[in-house]
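Dear colleague,

Please find below the structure that I agreed to pass on to you. My notes on it follow directly after.

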Amino acid sequence: MTLKNINFSTVLTVIMLAIFASMVTISFGYPAKARFMPLVVGLPGIVFCLIQLGLDLFRSPTESAAASVGQQIAAASAPEGSQHEELPEFGPHTARQEVVMWSYFVSFIAGVILFGFYISVPIMLLTFLRRQGEASWKFALALAIAATLALYLMFGRLLGIELHPGFVTRWAIHALGLGAI
């Protein structure tokens, strides 16, 4: 293990590990039902972060200098003589992609807060698959419906956990006289 093995990905993994560990630690102060969700998310997160840290930190110096698996595949599939200089993981060339991904993330969080999970998940999946994944309407719509159905069956029925319905959705249902959520 050397400091040369530490990169942005390793630092991000440490930050995520701290978040998951804090989440799990704080959850032990909650009642059993409220503790369930942070443990379901936090414990696997801790395990995966530790695995990633092990991979990052205990890589031999020759492996850290070698290209990643994705880069090796790309190099192997490239035509002969088309070797080009490798760009860094992050930089000006990735700024647009980063802004797009952050926009999706912030929009999804805002959508969940305003409209709830059951409206935001299918809209987010449909939008992302059509625009970024370039999926067909049929595939994107089928996946959005399937994911929302799985979300409802897993949390709403199987676990009996009420997901946030959204402030606007709750207000609209009440304003229309359809009953309170």
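Ala140 has a relative accessibility of 0% and therefore counts as buried, the cut-off being under 20%. The model is a predicted one, and this residue is placed in helix 7. Leaving aside neighbours within four places in sequence, Ala140 is in contact with Leu126, Leu129, Arg130 and Ala135. The C-alpha atoms of Ala140 and Thr127 are separated by 8.3 Å, with these positions 13 residues apart along the chain counted as their separation.

Two further positions in helix 7 deserve mention. Thr148 is also found in helix 7, and at 14% relative accessibility it counts as buried. Residues up to four places away in sequence not being counted, Thr148 touches Tyr118, Val121 and Pro122. Ile145 belongs to helix 7, which covers residues 137-158, but this residue counts as exposed because its relative accessibility is 53%, and exposed means over 50%. From C-alpha to C-alpha, Ile145 and Pro122 are 6.3 Å apart in space, while in sequence they are 23 residues apart.

Turning to helix 6, what span should its 15 residues have? At 1.5 Å a residue, helix 6 (residues 117-131) should span 21 Å, and its end C-alpha atoms are 21 Å apart, so the two values agree. The buried residues of helix 6 are Ser120, Val121, Met124, Leu126 and Leu129. These buried residues pack against helix 5 and helix 7.

The loop between helix 6 and helix 7 contains Glu134. Most residues other than glycine have a negative phi. Glu134, although not a glycine, has a positive phi of about 50°. With a relative accessible area of 69%, Glu134 is exposed.

The nonpolar cores come next. In soluble globular proteins, nonpolar side chains tend to be buried together. Here, the largest nonpolar core has eight residues, namely Leu17, Phe20, Val24, Leu39, Ile46, Cys49, Leu53 and Leu57. Helix 1 (8-27) and helix 2 (32-57) each supply at least two residues of this core, and the largest share, five residues, comes from helix 2. One member of the core, Ile46, touches Leu17, Phe20, Ala21 and Val24, again without counting residues up to four places away in sequence. There is also a second, separate core of five residues, which includes Leu126, Ala135, Ala140 and Ala144. Of the residues named in this second core, Leu126 and Ala135 are among the contacts of Ala140 described at the outset.

Finally, there is the pairing of helix 5 with helix 8. The axes of helix 5 (residues 95-115) and helix 8 (residues 167-175) come within 3 Å and cross at roughly 25°. Helix 5 is therefore roughly parallel to helix 8, as angles under 35 degrees count as roughly parallel. Which residues of the two helices meet? Ile113, Leu114 and Phe115 in helix 5 meet Phe167, Val168 and Thr169 in helix 8. By class, this contact has five nonpolar residues, one polar residue and no charged residues.

With kind regards

Technical notes. Residues numbered from 1 in each chain as written. Predicted model: local features only at pLDDT ≥ 70, side-chain atom pairs only at ≥ 80, totals over all residues. Heavy atoms only, no water. Axes fitted to C-alpha atoms, helices over the stretch in contact; angles between N-to-C directions. Helix = DSSP H or I, 4+ residues; strand = E, 2+ residues; numbered from the N terminus. Parallel < 35°, antiparallel > 145°, perpendicular 65-115°, else oblique. Contact = heavy atoms within 4.5 Å. Nonpolar A, V, L, I, M, F, W, Y, C, P; charged D, E, K, R; others polar. Buried < 20%, exposed > 50% of the residue type's maximum accessible area, 1.4 Å probe, protein only. Expected span 1.5 Å × (residues − 1). Core = buried A, V, L, I, M, F, W, Y, C linked by side-chain atoms within 4.5 Å.
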